[in-house]
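Here's a quick tour of a two-chain model, one neighbourhood at a time. Keep the viewer open and follow along.

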Amino acid sequence: MSDFVGISNLPNQRYKIVSKTGSTFTLMVAGESGLGKTTFINTLFQTSLKSHVDHKARHQKGIRSTVEIDIVRAELEEKDFKIRLNIIDTPGFGDNVNNRRAFQPLIDFIDDQHDSYMKQEQQPTRSEIKDLRVHACLYFIRPTGHSLKPLDIEVMKKLSTRVNLVPIISKADTLSPREINEFKQRIRAVIEAQEIKIYSPPIEIDDEASAEHSKILIESIPFAIIGSETKVQNPEGEMVLGREYPWGIAEVENEQHSDFLKLRSLLLRTNMLDLILSTEELHYETYRALKLDASNGNKDDSRSKLTKRFNNNPQFKEEEDQLKKVFTDQVKAEEGRFRKWEQNIINERQRMNLDLESVQHQIKQLEEQIKDLNIKKGYK
Amino acid sequence: MTALESHQPDISSESSANYENCETVKETIRSGTPQAAATPSNSTDANGSGPVTPEVNIIRRKLNGYVGFANLPKQWHRKSIRRGFNFNFFIVGESGLGKSTLVNTLFNRELYPQKEVRDPSAEKQTNVKIETVSADIEENGVKLHLTVIDAPGFGDAINNSDSWEPIIEEINSRFDQYLEAETKINRTTIIDNRVHSLVYFIEPTGHSLKPLDITFMKKVHTKVNLIPVIAKSDTLTEEEIADFKQRILDDINTQGINIFRPPTYEKDDEETILSCQELMSRIPFAVVGSTDEVSGKDGNNVRGRAYPWGIIEVDNEDHCDFVRLRQLLIRDYLEELRETTAKKLYENYRTEKLRNMGIEQDHSVFKEFDPLVKQQEEKTLHEAKLAKMEAEMKSVFDQKVTEKEKKLQKSEAELFSRHKEMKEKLLKQVRLLEEKKTALENSSRNMLDNPSQQKSRKRIF
């Protein structure tokens, strides 16, 4: 008994502290609307956190489309353990014909949060620190069965240097298992060729079970998922989350049907801490180091960044163009008025010339007449 | 797949079983339109141009189904084993109070070797020195990097004023070192050398605290987790200990000295609460240290000290509070000591330090992120930019228009005046000619009437 000092109890102490204090977790969903982001989030947390787009409102000039970033904040409790959950989304995404700029708010958001955390961290008193650093970004890929689009590649590249990027094939029930495999392989090939650094669960070689689990997760990337918030009866008679088709039931939590369970394991069950720590220790530190390195020279950086952002906002750009157009039109109108005015002057000049000419003509006539008169006189 | 199942043993049993009945505890109604959500509580600012204080909506729910984030503490458990632990603590007290022995007893190993008996002729050093001993201890796969900081010479001099200075300097410099490390650009290899606890040894006088004890504790209690212990408590009877403890606690309270007390949490179970209360009731711990094994009453070997009148067992709770001290310092609250050091003591030190350096707190950076406020800010800036653009364009435009108008007016005026001038000239000419003509006509008429007269007139010309 005396040999036991109590050091082996330290992990339990850590366990207790974490249990009692809870945690914060911020998840970002990226992808065009209609890919099942909302459904996935609600399925993942088994409660409706996000409300679906109101399709009735689509004909109104909606407020939604003007919101660049949408945050859902929640405090969830599972088995007495509390987390502050933040879900980041871009509701207006995909509403534009050109989506190149639509991703910018997401990228800006990640940088902004790192920036904000850094500024808070530097304050003398920082107990009230607000942490919205994004721990994982789920990138929803359209189940085309083809490959990644150039825009996907561009955006994933940008995201992967800032955040733990987790690619997902959504609505995988539109692809057959063979198609999914091929699609996954193609995506993995592109990710590798383009050197996109997606999140990969660490393999701890000294822990066989955990290493094996990580391997299974890695092999499943990009996770092909089915989302459903409704329960249907499967052939075994159980009520399960799934989608009912005339040809059968696509079950969310069936390993044969989708990678939902693996993805949930990666996000919450087994790798949540790793996502949190790698965000804090890798992504945030990278941002901070870059920023501190750069800030020696460039003090006015925040302003220039903001102005840069204006150009990224299509609506602002549109308004600027609109203003320019108004002026161009005004200039045109004025030019027209001036042209008319000038024409008037020319006309007037011509009229006057004619007028003068007529007088001159009169003079000539008079001169002629005088001449005649003189001649007549001379003959006399 | 087997590994996956072993990691998620309850997938099939628990998953989604309770999807519908997640109990909504307190749900703030998230307003349908984001605009309503952003409407600030201060109605004076309806147009949102001023500083907006957003109301943050938080959905609060208790989940009954299986989601999986409740596994995070378990993940921390695993992670903490991988990363290992570290702990730095200070032992302070006059020499001869059994500090080294106690440390050896606590960790059950010879961190401090048996001191050699000082050469009687050697001069006793009077300056307080700082010495550290480090060790890596592993127990059931859990690794701890331990550092014990000692201040030999403390309280040994005749005049002990300022004898605490080296100790405070040591505590501060360890904080400073951490502060510097966390301010660096690269801080991947940050090492926590901060003092997580200070065990202060009180001489078992049986009276009360000495002035040096009070002065010292008051000097350090805001910087460290202070744990006072009554050293060599085997010299006091049970009753004496109880009285002594009470007097010490009275002194601590009257002097406003903060000592470390185990933290409690909202949902602690009864057992935890009781054990915590029991622990608190023993403060300040009366301890006896010994690494020697002696044969106990029932014949077992125990750590203790054998006296002719009996054996005092270190690990026997009826004999001394050693077990409690170990519980507080290692078994149950080591991580809490570290947590308090990092979250409170260090933060206070840092705040003070930065303030003294003239760094002002910028409260504006602590606002809750609100996309609408953010958007509003950007919109305001954008509108200002637009307004500026418009004003600039308008002024240029107006100027150009005015210039052009003036030019046209001028040329118009010139045209009219030139025309007028020319016309007048011509009309004058006309008048002259007409006069001439009339004159001629008149003269010719006269000539017809009176030709001779005309002839004579001609001559005159």
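How many bridges pair β7(A) and strand β8 of chain A, and is the sense parallel or antiparallel? The two strands pair over three bridges, in the antiparallel sense. Bear in mind throughout that this is a predicted model.

## The three-strand sheet in chain A

β7(A) and β8(A) belong to an open sheet of three strands, ordered β7-β8-β9, with antiparallel pairing. The edges are β7 and β9 (248-251) of chain A, each of which pairs on one side only. From one strand to the next, the twist averages 65 degrees. To see the β7-β8 pairing up close, pick A:K231: its bridge partner in β8(A), which covers residues 239-245, is A:L241.

## A:S228, just before β7(A)

Step back into the loop between β6 (223-224) and β7 (231-233) of chain A and you'll find A:S228. Is A:S228 buried or exposed? With a relative accessible area of 4%, A:S228 is buried, because the cut-off for that label is under 20%.

A:L241, the bridge partner of A:K231, also touches A:S228. Leaving aside residues up to four places away in sequence, the other contacts of A:S228 are A:T39, A:T43, A:G242, A:R243 and A:V252. A polar atom of the A:S228 side chain also lies 3.2 Å from the backbone oxygen of A:T230.

## Two helices of chain A

Helix α7 of chain A, residues 260-269, is mostly covered, with 10 of its 10 residues buried. The buried set has plenty of leucines, including A:L261, A:L263 and A:L266, but A:K262, A:R264 and A:R269 are buried too.

Next comes helix α8 of chain A (residues 272-295), whose axis comes within 8 Å of the axis of helix α4 (residues 72-83) of chain B, crossing at roughly 60 degrees. That angle makes α8(A) oblique to α4(B). On the chain A side, the contact involves A:M272, A:L273, A:D274, A:I276, A:L277 and A:E281; on the chain B side they meet B:L72, B:Q75, B:W76, B:K79 and B:R83. By type, the residues of this contact divide into six nonpolar, one polar and four charged.

## Strand β3 of chain B

Right after that in chain B sits strand β3, residues 85-92. Eight of its eight residues are buried, so β3(B) is largely enclosed by the rest of the structure. In a regular strand the side chains alternate between the two faces of the sheet. Here both faces are covered: one side has B:F85, B:F87, B:F89 and B:I91, and the other has B:N86, B:N88, B:F90 and B:V92.

β3(B) has parallel neighbours. Seven bridges join it to strand β5 (residues 142-150) of chain B, where B:N88 stands opposite B:T147. Four more join β3(B) to strand β6 (residues 197-202) of chain B, with B:I91 opposite B:V199.

## B:H221, in a chain B loop

Last stop: B:H221, in the loop between α7 (211-220) and β7 (226-230) of chain B. At 13% relative accessibility, B:H221 counts as buried. What does the side chain of B:H221 reach at 2.8 Å? It reaches the backbone nitrogen of B:N258.

B:N258 is also among the residues that B:H221 touches, along with B:L226, B:G256 and B:I257, not counting residues up to four places away in sequence. For a sense of scale, B:H221 and B:K388 are 167 residues apart in sequence and 58 Å apart in space, C-alpha to C-alpha.

Conventions
Residues are numbered from 1 along each chain as its sequence is written. Chains are lettered from A and ligands numbered from 1 in the order in which they are written. This is a predicted model: local features need pLDDT of at least 70, side-chain atom pairs count only at pLDDT 80 or more; totals for chains, interfaces and linings use all residues. Side-chain values use heavy atoms; hydrogens and water are left out. Buried means under 20% relative accessible area, exposed over 50%, partly exposed in between (1.4 Å probe, protein chains only). A polar contact is a pair of N or O atoms within 3.5 Å; within protein, one must be able to donate a hydrogen and the other to accept it, and residues adjacent in sequence count only if both atoms are side-chain atoms. Contact means heavy atoms within 4.5 Å. Axes are lines fitted to C-alpha atoms, for helices over the stretch in contact, and angles run from 0 to 180 degrees between N-to-C directions. Angles under 35 degrees count as roughly parallel, over 145 as roughly antiparallel, 65 to 115 as roughly perpendicular and the rest as oblique. Ala, Val, Leu, Ile, Met, Phe, Trp, Tyr, Cys and Pro count as nonpolar, Asp, Glu, Lys and Arg as charged, and the others, Gly among them, as polar. Two strands pair if DSSP finds at least two bridges between them.
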